[in-house]
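Biologist: I'm new to this one, so could you walk me through it and show how each label is earned?

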Amino acid sequence: MAFLKLADVSKSFGALTVADKVSLEVPKGEALGIVGPNGAGKSTLFNLITGNLRPDEGKITFKDQDITKVPANRRIHAGIGRSFQVPQPFGSLTVFENLLAAASFGRNASEQDVAQDCLEILETTELMAVVNTPAAGLPLLNRKRLEMARALATQPDLLLLDEIAGGLTDGECVALTDTIRSVNAQGVTIIWIEHVLHALTAVVQRLAVLDFGKVIAQGNPTEVMGSDAVREIYLGADS
Amino acid sequence: MTHNARIEIATRSSRVFLVFAFAAIIAAVFLPAFVSRGIIKDMFAILTLLALAQCWNLLAGYGGLVSVGQQAFVGLGAYTLFAVVGLYGFDPLLSILMGGVVALLFAIPFAFFLFRLDGAYFAIGSWVLAEVARLSVAQWKAVGGGTGTSLPRDTVRSMPGTDWVRALFDVSGSAARDIILYWIALILAVALMTAIYVLMRRRIGLGLTAVKDNAEAARSVGINASAIKWMTYLISAFGAGMVGALIFLQTARISPGAAFSVTDWTAFVIFVVVIGGIGTLEGPILGVIVFFVLQNFLADFGSWYLVALGAAGIVVMIFAPQGLWGLLRDRLGLTLFPLRRRVIFTSERTDL
């Protein structure tokens, strides 16, 4: 049985189909990359997995449990953590308090019990220098780091990263990639949506391509990127 | 890898303030021995407005739920008191608590409707529900319908403790009653502020702030956003209901227009919180003081009084969006009710 399994999941907003019978299986411990053009339904797929959106049809199972109708705040307790494409920090809380809120509620523990762990996550995500700074004033790189740190603070078994590397310089990107790789090495299953392909392929073992709400190719990253279907989307071959 | 760090909430100014606050509360308890009846009545008005302001601040300042319908709970609490005291002869002091409970019970269906709305729609919706409550109560003939009613003189006179206070301070019966009501207002204001502060210092306070900042992100870290909003709404309704019952126990006369007044129980309350500093416990205290000074100063100017209050509100919003307390806090670096979980490194970090 797969760790995470989507079976024929569909979602439409009026006439616009954003997920069209998506079927996807992710084994435990894997790092899966998801690519696709803008509007292909990548973020929608995440929202369906996290419960921010409900599918019209289909079934989502996680750790052999049907979670299709479980609300978002309970899925996190099942072990699904996420970062948002546009960083969504708790602006009036400090960086540390952002993590404290995520860790204490995400793990259902007291603030004292998670405080030390929060500091360690801030250390690995290089946020120690701004630990007492209100999150509203952070620049982009630190906001991205905070998205990642806050997701990690909930101690997920499955971590969903939505364009965490977008807008960063190459140097910043390498540091972030290293962190993601080490999180994966610790046994956390990762699904990562990214446009920055070299960052993505440096980490993931498998790649899935989404277009018009459909999975059109999946498999080994090099083979998938070289396939005709993908070349057609990205390069407009044969047109 | 462990860090030589500790987490601290209290500050030096807050520790000093705690001692000062205890002293002030004790002084307030003995105040009736030293000041005139007029001042006791003023203090009653100040404390009840402060309590209402703290309830609204919990809702709008900490919870981001901007309501303009808190007068619904003031009115419902007040009418509950008049019903159980006037019609069934209940103990007036116990009836204050019942006012809060009834307001809380009504808040449940209110919340059910209101939490389908957001932002400005929530605000207007809360006002509409308050009007519905006012118009419904105006149909209730047993408590005087649209014209209202008075509490029976006997029940007002026979308030528990009156004789004891009369003897203690050597005052008339009505002055003794004012002193008792002042003490209740003091207890209510201090208890509400303590409860709100304790709530905000706990994990749930962190959750409430997260929900206010970003409800979707809050859900994605496992915070039950709707449960936290419900709790905030119900607490503030319970508080407003008790304060409403107390205020109208003092006036001993009620009408739907007075009990459900949007000006008295919401507009003034918002003014107090906003000029004092929204989202802080210190702000409403400062705001209430400023409000009463302005009110006494402007009392001779008729309806210009409201215009001047409005103008003062606008000036503060433009030049000090964090309120007067925000201005003072930034200048002096003071915090009386600290909530920040600050990380303090206790020694040089050697792991870097």
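Modeller: What follows is a set of questions about this structure, with each answer set against a definition.

Modeller: Some ground rules come with it: this is a predicted model, where local features need pLDDT of at least 70, side-chain atom pairs count only at pLDDT 80 or more, and totals for chains, interfaces and linings use all residues. Residues are numbered from 1 along each chain as its sequence is written, chains are lettered from A and ligands numbered from 1 in the order in which they are written, and side-chain values use heavy atoms, with hydrogens and water left out.

Biologist: What makes residues 95-106 of chain A a helix, and what is its span?

Modeller: Helices are DSSP runs of H or I with at least four residues, strands are runs of E with at least two, and both are numbered from the N terminus. Helix α3 of chain A has 12 residues. The expected span is 1.5 Å times one less than the number of residues, and α3(A) reaches 16 Å from its first C-alpha to its last, close to the 16 Å expected. After α3(A) comes Asn108(A), with a positive phi near 55°.

Biologist: Why is α3(A) called largely enclosed?

Modeller: Buried means under 20% relative accessible area, exposed means over 50%, and partly exposed is in between (1.4 Å probe, protein chains only). For α3(A), 12 of the 12 residues are buried, so the rest of the structure largely encloses this helix. Among them are Phe96(A), Glu97(A) and Leu100(A).

Biologist: What covers the buried residues of α3(A)?

Modeller: The cover includes α2, α4 and α5 of chain A, together with β1, α9 and β4 of chain B.

Biologist: How do you know that α11(B) has the span a helix should have?

Modeller: The 27 residues of α11(B), 225-251, should span 39 Å at 1.5 Å a residue, and the end C-alpha atoms are 39 Å apart, so the two agree. As for cover, 19 of the 27 residues of α11(B) are buried. Just after that helix, Ala252(B) has a positive phi of about 60°.

Biologist: How many residues does each chain bring to the contact between chain B and chain A?

Modeller: Contact means heavy atoms within 4.5 Å, and here 34 residues come from chain B and 37 residues from chain A. Buried area is the accessible area (1.4 Å probe) that two parts lose on being put together, summed over both. For these two chains that is about 3000 Å², with 59% of it on carbon and sulfur atoms.

Biologist: What makes Glu111(A) and Arg341(B) a salt bridge?

Modeller: The rule asks for a side-chain nitrogen of Lys or Arg within 4 Å of a carboxyl oxygen of Asp or Glu. Glu111(A) and Arg341(B) have N and O 3.0 Å apart, and that fits. Between chain B and chain A the count is 2 salt bridges.

Modeller: On the chain B side of that contact, β1, α9, α10 and β4 each supply at least two residues. The most come from α9(B), with 8 residues.

Biologist: Why is Arg6(B) called partly exposed?

Modeller: Its relative accessible area is 39%, so Arg6(B) falls in the partly exposed class. Arg6(B) sits in strand β1 of chain B, and its C-alpha is 5.9 Å from that of Val343(B), although the two are 337 residues apart along the chain. A polar contact is a pair of N or O atoms within 3.5 Å; within protein, one must be able to donate a hydrogen and the other to accept it, and residues adjacent in sequence count only if both atoms are side-chain atoms. The side chains of Arg6(B) and Glu8(B) are joined by one of 2.7 Å.

Biologist: What makes Arg37(B) and Asp178(B) a salt bridge, and is each buried or partly exposed?

Modeller: Their closest N and O atoms are 2.7 Å apart, which fits the salt-bridge rule. This pair links distant parts of the chain, with Arg37(B) in helix α2 and Asp178(B) in helix α8, 141 residues apart. Arg37(B), at 37%, is partly exposed, whereas Asp178(B), at 7%, counts as buried.

Biologist: How do you know that Asp157(A) and Lys63(A) tie together separate parts of the sequence?

Modeller: Their salt bridge is 2.4 Å, N to O. Asp157(A) lies in the loop between α5 and β7 and Lys63(A) in the loop between β4 and β5 of chain A, so the pair ties together parts that are 94 residues apart in sequence.
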